Amino acid sequence: MSFSYQIKDLSQYKEAYKKSVEDPEGFWSAIANEFIWRKKWDRVLEWNFKKPEIKWFVNAKLNITENCIDRWAETQPNTIALLWEANDPAEPSRSITYRKLLFEVCRFANVLKNNGVKKGDRVCIYMPMIPELMIGILACARIGAIHSVVFGGFSAQSIRDRINDASCSLVLTADGGYRGAKQIPLKEIMDVALRDDTAVKKVIVFKRTGVSVSMQPGRDIWWHDELKKMDDLQSFECTAETMDAEDILFILYTSGSTGKPKGVVLTCGGYMVYTNYTFINVFQYKPRQIFFCTADIGWITGHSYIIYGPLSAGATTTMFEGIPTWPDSGRFWEVVDKHKVNILYTAPTAIRSLMAHGLDPVKDKKLDSLQVIGTVGEPINEEAWHWYHDHIGKKKCPVVDTWWQTETGGIMISNLAGITPQIPSFATLPLPGIQPVLMDENGKIIRGSDAAENALANGKKDTSELLTGNLCIKFPWPGMLRTTYGDHERCRLNYFTSYPGFYFTGDGCFMDTNGNYRITGRVDDVLNVSGHRIGTAEIENAIDMEPGVIESAVVGFPHEIKGQGIYAFVIHAEGKIDEDAARKKIIGAVTLVIGVIAKPDKIQFVAGLPKTRSGKIMRRILRKIAEGETENLGDTSTLLDPSVVEEIRNGKI
Ligand code: WT7
């Protein structure tokens, strides 16, 4: 099937953009009309960024799985929906057609129902990257249960917090998972997470590694036993639950500038339309292409571009269980050749780490199936961009640099492959429907930075200056977050109060004279480590839990592979300590509280932290020291005790 709303050239892009600004409701309803709805909307959009309250496709009814599975199971039943590549190259890959996917999702949806899961219930999913993860997610969506996927790298305590925050009543997990040469004891970690009281009544365990696990009677049940019950009952059909467009589809936790991760809430109708629209347009997806997004489904990229975007387009989506560097650093390229991948979507951190291994692992790979390659997660440096473009895309594949966030649901600013110009290290232009602006420090829109205004002025920017500011969005789009689960005020404070009337992204941005945006990174206390978003406050909380630690301050520093590394300044109660032993303990504490992804790269013990008279830590100074910039520390006169700076600078590691 081809899509009427696929943009085919630059002039169509400009036209679509203009239309989306002048008549957003007409623009989005024309796109939404091509989906399957049980009932169409009464109004396209109701919004108020002050409250905030955002509703798309008001009173429309649908089920996203009918759009992602049933319609393709009917029209192209034998098309492969999911191609799965195991961690171990020797293990056979699996492929699941749309017909089979419908069967599997319905059968497992019946398992969920049989275990008491109802519409609106929250289901926590902590699974390895295997087809059953996708089946579990879609089965939730089928019956209107809200999925909350937790990335496999999070610790027991992080899982417990997320389970409690959303009061999940059921958990999907596996005995273990493979990642490169390692095995992750998922069930064991889950057992620790569930040791204290939670609302969880059932844990369904998929057998993946065969490692022996303890099964708590009455609570823990085997996935295969539950399937067998459905087989015995011949229970293979499951009518999709009718959902309101604004019903919650899922919750996904992400870090902010405070200590506690927040549950970003995305809803059924708008998210479906938006992920589909962006998938088709950014990657210029053509029927029968093989799409491979290397992200983990524990992050938003996996939700939107392994599952919902590609499946809603009837595409073949690839899921890879392993890691790029195992058994060797040619694995990604081997997967591309093996499955004849046409569109590859990965992260700058992966590109940089593979680039560091040189060209040997690439040399014997064909990579001739590739047509479009993309990146996401953090700013891509020019060197990595060129390496990707030259050696993976062989200079013939457009590179899409896609900027977006968990909160945006889908891609916001990106070139469209082969359609709009690509510029190394620039995400370039907003997608139709997206109206970015740059703000100055006084909360005023910087003249010439408003994409919508520029578009309406016929593509001519009204200034020829280079602009920098904080990136905000001034008009709603269907995929955006509606609230943070259980705490609407937090959503308002976090995203809608820094610049009243605007959604604030937390990112700094630069715009060139042609209106292209280049995202420079977070301007809040959020780090982006290997494409993983982690709040400095979260890491500090974890470090402070370690006995003996009085106080800590965490900042980011440029890291060649990870993009940003984690630098912790720690005040310890005892004067002379065995620093290496103390470091090990602190790393242990962080791993326990958050997970391995938040481990500090550097820990410096200090006697004091640079604080203002009001007690605020001056992170600007710490950041500079961590970056190795020890000369121009800026104004330190407002510090309570300027001498600590000297000491910290001298002790830099
Ligand atoms: C933050 C969002 C979007 C899915 C993966 C991350 C940074 C993301 C880019 C890009 C520059 C980027 C931003 C953003 N970011 N993509 N193409 N260029 N920066 O989702 O964990 O919600 O993180 O990642 O800083 O705010 P996330």
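Is Leu527 buried or exposed? Hold that thought for a second, and keep in mind that what we're looking at is a predicted model.

Okay, so Leu527. Its relative accessible area is 4%, and since buried means under 20%, Leu527 is buried. You'll find Leu527 in strand 26, which runs over residues 526-529. Which residues does Leu527 touch, once you skip those up to four places away in sequence? The list is His532, Arg533, Ile534, Thr536, Ile539, Val554, Val555, Gly556, Gln564 and Ile566. And if you want a ruler across the model, take Leu527 and Ile411: 116 residues apart in sequence, with 20 Å between their C-alpha atoms.

Let's zoom out to the whole chain. There are 20 helices and 30 strands. The C-alpha trace spans about 75 × 65 × 55 Å along its principal axes. For 653 residues, you'd expect a radius of gyration near 26 Å from a compact globule, and the chain comes in at 24 Å, so the two agree. Buried residues account for 62% of the 653. On contacts, take the ones with a separation of 6 or more: 72% of those are between residues 24 or more positions apart. As for the outside, the chain exposes about 24500 Å², and carbon and sulfur atoms supply 50% of that.

Now, empty space. Rolling a probe the size of a water molecule over the atoms is how you see where it's left. How many cavities of 30 Å³ or more does the count come to? One. The largest cavity has a volume of about 40 Å³. Around it sit Val149, Val150, Phe151, Phe154, Arg162, Leu252, Tyr253, Gly298 and Trp299. Sort that lining by class and you get seven nonpolar residues, one polar and one charged.

Pockets next, and I'll stick with the second largest one. Its volume is about 440 Å³. The lining of this pocket takes in 19 residues, and the ones nearest the centre are Tyr13, Lys14, Leu429, Ala455 and Gly459. Which helix gives the most to that lining? Helix 1, with five residues. Helix 1 covers 10-22, and along with helix 15, at 451-456, it's in the group supplying at least two lining residues each. By class, the lining of this second largest pocket splits into 10 nonpolar, six polar and three charged.

Last bit: backbone oddities, for those of you who like checking torsions. Where are the cis peptide bonds I want to show you? One joins Lys51 and Pro52, with omega about -15°. Pro52 is in the loop between strand 1 (43-48) and strand 2 (53-58). Another goes from Trp326 to Pro327, and omega there is near -5°. Pro327 belongs to the loop that links strand 17 (316-320) to helix 11 (331-339).

Then there's positive phi. Gln234 isn't a glycine, yet its phi is about 55°. Gln234 is in the loop between helix 8 (223-233) and strand 13 (243-244), and at 59% relative accessibility it counts as exposed. Arg288 also has a positive phi, near 75°. Look for Arg288 in the loop between helix 9 (268-282) and strand 16 (290-293). Its relative accessibility is 72%, so Arg288 counts as exposed too.

That's my tour. Back to where we came in: Leu527 at 4% is buried, while Arg288 at 72% is exposed. Happy to rotate the model if anyone wants another look.

Methods:
Residues are numbered from 1 along each chain as its sequence is written. This is a predicted model: local features need pLDDT of at least 70, side-chain atom pairs count only at pLDDT 80 or more; totals for chains, interfaces and linings use all residues. Side-chain values use heavy atoms; hydrogens and water are left out. On a 1 Å grid over the protein atoms alone, a cavity is a set of points where a 1.4 Å probe fits but cannot get out, and a pocket is an open set with protein on both sides within 12 Å along at least five of seven lines; lining residues have an atom within 4 Å of a point. Grid points are joined across faces, edges and corners, and a volume is the space filled by probe spheres set on the points. Helices (H or I, at least four residues) and strands (E, at least two) are DSSP runs, numbered from the N terminus. Ala, Val, Leu, Ile, Met, Phe, Trp, Tyr, Cys and Pro count as nonpolar, Asp, Glu, Lys and Arg as charged, and the others, Gly among them, as polar. The radius of gyration is taken over C-alpha atoms; the globule rule is 2.2 Å times the number of residues to the power 0.38. Buried means under 20% relative accessible area, exposed over 50%, partly exposed in between (1.4 Å probe, protein chains only). Contact means heavy atoms within 4.5 Å. Accessible areas come from the Shrake-Rupley method with a 1.4 Å probe; for residues, only the protein chains shown count as cover.
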